[in-house]
Amino acid sequence: MDTINGIVSKNMRELRQARDLSLDELARLSGVSKSMLAQIERGSGNPSLSTLWKIANGMKAPFNALVSRPKAPFEIVRLSDVDPILGKDGTVRNYPVFPDDEDRRFSVYYIEVEPGCGWQSEPHLRGTVEFVTVFCGGLEIEAGEHTFQIQTGESLRFKADSVHAYRNIGAEVLMFHNILYNP
């Protein structure tokens, strides 16, 4: 596990380089000496809270940009590790593969629906759009005054800020991805 000094070192260097600042320029903007900044970037300095605030303010960056542990550049999700959200006595299984979080405005779900089953969804936030791709089976979607039927290998985009419904119209388990975009 990274130490806080290592995290600060990496974050500070990346922020400074992204802003095209030299150590001299950052020293001038932050009021922290160039030698202290160099120590911090090498991971050998032990900066005080006050020093970190000065550096963040000098770069016009939020404080947490210096101290936040970076997210991994990738994430593997195994469906077997995701607990599904169950509906209709287990006939609908909604796996939140990449749920919406504070860093993005979309979520990705993998959904399985038993033959003849489905559900109705309440309106999402104003402006929400859904992107659906069927991988196996046949899906009927009612959205507003429109009814769509899509089959394996087909996709549909629709506005989801009104009541909408999904139904498996095939004889096999329906499998599809649903991406919700929240503006």
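**Exercise 1.** Determine in which sense strand E6 and E9 pair, and over how many bridges.

Solution. Step 1: in this predicted model, strand E6 covers residues 138–143. Step 2: its pairing with E9 is antiparallel and runs over five bridges. Step 3: for one register point, take Leu139, whose bridge partner in E9 is Asn168.

**Exercise 2.** Place E6 and E9 in their sheet and identify the edge strands.

Solution. Step 1: the sheet is open, has four strands and follows the order E4-E9-E6-E7. Step 2: the pairing is antiparallel. Step 3: E4 and strand E7 (146–151) are the edge strands, each pairing on one side only. Step 4: ignoring direction, neighbouring strands of this sheet are turned against each other by 15° on average.

**Exercise 3.** Give the strand order of the six-stranded sheet and explain what is left open at its edges.

Solution. Step 1: this open sheet has the order E1-E2-E3-E10-E5-E8, and its pairing is antiparallel. Step 2: strand E1 (85–87) and strand E8 (155–159) stand at the edges. Step 3: each of these two has a single partner strand, so one side of each has no neighbour in the sheet. Step 4: from one strand to the next, the twist averages 20°.

**Exercise 4.** Describe the contact of Tyr95 with Tyr110, from the backbone to the rings.

Solution. Step 1: strand E2 (residues 92–98) and strand E3 (residues 106–113) run antiparallel and are joined by six bridges. Step 2: Tyr95 stands opposite Tyr110 in E3. Step 3: a pair of aromatic rings is described by the distance of the centres and the angle of the planes. Step 4: the structure holds four aromatic pairs. One of them is formed by Tyr95 and Tyr110, with 5.8 Å centre to centre and 50° between the planes, and is tilted. Step 5: the two residues are 15 residues apart along the chain, and both are buried.

**Exercise 5.** Classify the ring pair of Trp119 and Tyr166, then state the accessibility of each residue.

Solution. Step 1: the ring centres are 4.3 Å apart and the planes are at 20°. Step 2: planes under 30 degrees apart count as stacked, so the pair of Trp119 and Tyr166 is stacked. Step 3: Trp119 lies in strand E4 (residues 118–121) and Tyr166 in strand E9 (residues 164–168), 47 residues apart. Step 4: Trp119 has 21% relative accessibility and therefore counts as partly exposed. Tyr166, at 4%, counts as buried. Step 5: ring pairs also bring in Phe176, linking Trp119, Tyr166 and Phe176 into a cluster.

**Exercise 6.** Show how the buried residues of helix H3 are arranged and what they pack against.

Solution. Step 1: in H3 (residues 34–42), the buried residues are Leu37, Ala38, Ile40 and Glu41. Step 2: seen down the axis of H3, these residues fall within an arc of 160°, so they line one face of the helix. Step 3: the buried residues pack against helix H1 (4–18), helix H2 (23–30) and helix H4 (49–58). Step 4: after H3 comes Gly43, with a positive phi near 85°.

**Exercise 7.** State where confidence is lowest and where it is highest in the chain.

Solution. Step 1: the chain has a mean pLDDT of 90, and 97% of its residues reach 70 or more. Step 2: confidence is lowest in helix H5 (residues 64–67), with a mean of 81. Step 3: the highest value, 98, belongs to strand E5 (residues 129–136).

Methods
Residues numbered from 1 in each chain as written. Predicted model: local features only at pLDDT ≥ 70, side-chain atom pairs only at ≥ 80, totals over all residues. Heavy atoms only, no water. Buried < 20%, exposed > 50% of the residue type's maximum accessible area, 1.4 Å probe, protein only. Arc of directions from axis to C-beta. Contact = heavy atoms within 4.5 Å. Pairing = 2+ DSSP bridges. Axes fitted to C-alpha atoms, helices over the stretch in contact; angles between N-to-C directions. Phe/Tyr/Trp six-rings, centres within 6.5 Å; stacked < 30°, edge-to-face > 60°. pLDDT = per-residue confidence, 0-100.
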